[in-house]
Amino acid sequence: MPLLRFDVIKGRDEKALKALLDTAHEAMLEAFEVPATDRYQIVHQHEPNELVVEDTGLGFSRSDNLVMISIVSKARTQPQKERLYALLAERLESQCGISPQDLMVSITENGDADWSFGMGEAQFLTGKL
């Protein structure tokens, strides 16, 4: 935990997707200080007409290299979130060639009772995590 969902336009090869996921995980480790094995990522690939992401009037120029990252996580501080946004923008550009204008991130927070990692248990509540 956190759980990251990546929405992208179809066309990236396996190597590019791996770089995207690895780079995002590295940023998550640094910003949220989670364990290295705390990695839950899902990629959704869409036809170009199935992903509409405008700029809310900010003047961004989006391309087919767009990446939307939706994160579900326990509560994080504002500085942690801001650090994550900055690290993602910086590293996805330098390591994956993704413009910061093509990156959108959204975080949804939840609590200990909202997670089960298996075995029909809420491990944050049972004390196993």
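Is Glu47 buried, exposed or partly exposed? Glu47 is partly exposed, with a relative accessible area of 34%. Bear in mind as you look around that this is a predicted model. Its four strands form an open sheet with mixed pairing, there are eight salt bridges in the structure, and the largest nonpolar core holds 23 residues.

**The sheet and a helix across it**

- Reading across the sheet, the strand order is β2-β1-β3-β4, and the pairing is mixed.
- The edges belong to β2 and β4; each has a single partner strand, so one side of each is left without a neighbour in the sheet.
- From one strand to the next, the twist averages 15 degrees.
- Strands β1 and β3 are paired in the antiparallel sense, over six bridges.
- If you would like a place to look, find Arg5, which stands opposite Ser70 in β3.
- Helix α2 lies across β3 and β4, and runs at about 150 degrees to β4.

**Salt bridges**

- Let us return to Glu47: its side chain meets that of Lys10 in a salt bridge, at 3.0 Å from N to O.
- This pair links distant parts of the chain, 37 residues apart: Glu47 sits in the loop between β2 (40–46) and β3 (67–74), and Lys10 in the loop between β1 (3–9) and α1 (14–32).
- Like its partner, Lys10 is partly exposed, and its relative accessible area is 45%.
- Another salt bridge joins the side chains of Asp22 and Arg39, with an N to O distance of 2.6 Å.
- Here too distant parts of the chain are linked, with Asp22 in helix α1 and Arg39 in the loop between α1 and β2, 17 residues apart.
- Asp22 is partly exposed at 22% relative accessible area, and Arg39 is partly exposed at 33%.
- Both residues also belong to a network of salt bridges that links Lys18, Asp22 and Arg39.
- Glu109 and Lys81 meet through their side chains in a salt bridge of 2.7 Å, N to O.
- Glu109 lies in strand β4 (residues 103–110) and Lys81 in helix α2 (residues 78–96), so this salt bridge ties together parts that are 28 residues apart in sequence.
- Glu109 counts as partly exposed, with 38% relative accessibility.

**Nonpolar cores**

- Within the largest nonpolar core, of 23 residues, those touching the most other members are Phe6, Leu20, Val67, Ile69, Leu84 and Leu88.
- At least two residues of this core come from each of β1, α1, β3, α2 and β4.
- Helix α1 gives the largest share, eight residues.
- Leu88 is a good residue to click on: leaving aside neighbours within four places in sequence, Leu88 is in contact with Ala24, Ala27, Ile69, Glu93, Leu103 and Val105.
- Another core lies apart from the largest one and has five residues, including Leu51, Val53, Leu66 and Met68.

**A closer look at Tyr40**

- Tyr40 belongs to strand β2, and is partly exposed, with a relative accessible area of 33%.
- Not counting residues up to four places away in sequence, Tyr40 touches Met1, Pro2, Leu3, Leu4 and Phe117.
- Tyr40 and Leu21 are 19 residues apart along the chain, and their C-alpha atoms are separated by 9.9 Å.

Key
Residues are numbered from 1 along each chain as its sequence is written. This is a predicted model: local features need pLDDT of at least 70, side-chain atom pairs count only at pLDDT 80 or more; totals for chains, interfaces and linings use all residues. Side-chain values use heavy atoms; hydrogens and water are left out. A salt bridge is a side-chain nitrogen of Lys or Arg within 4 Å of a carboxyl oxygen of Asp or Glu. Buried means under 20% relative accessible area, exposed over 50%, partly exposed in between (1.4 Å probe, protein chains only). Two strands pair if DSSP finds at least two bridges between them. Axes are lines fitted to C-alpha atoms, for helices over the stretch in contact, and angles run from 0 to 180 degrees between N-to-C directions. Contact means heavy atoms within 4.5 Å. A nonpolar core is a set of buried Ala, Val, Leu, Ile, Met, Phe, Trp, Tyr and Cys residues joined through side-chain atoms within 4.5 Å.
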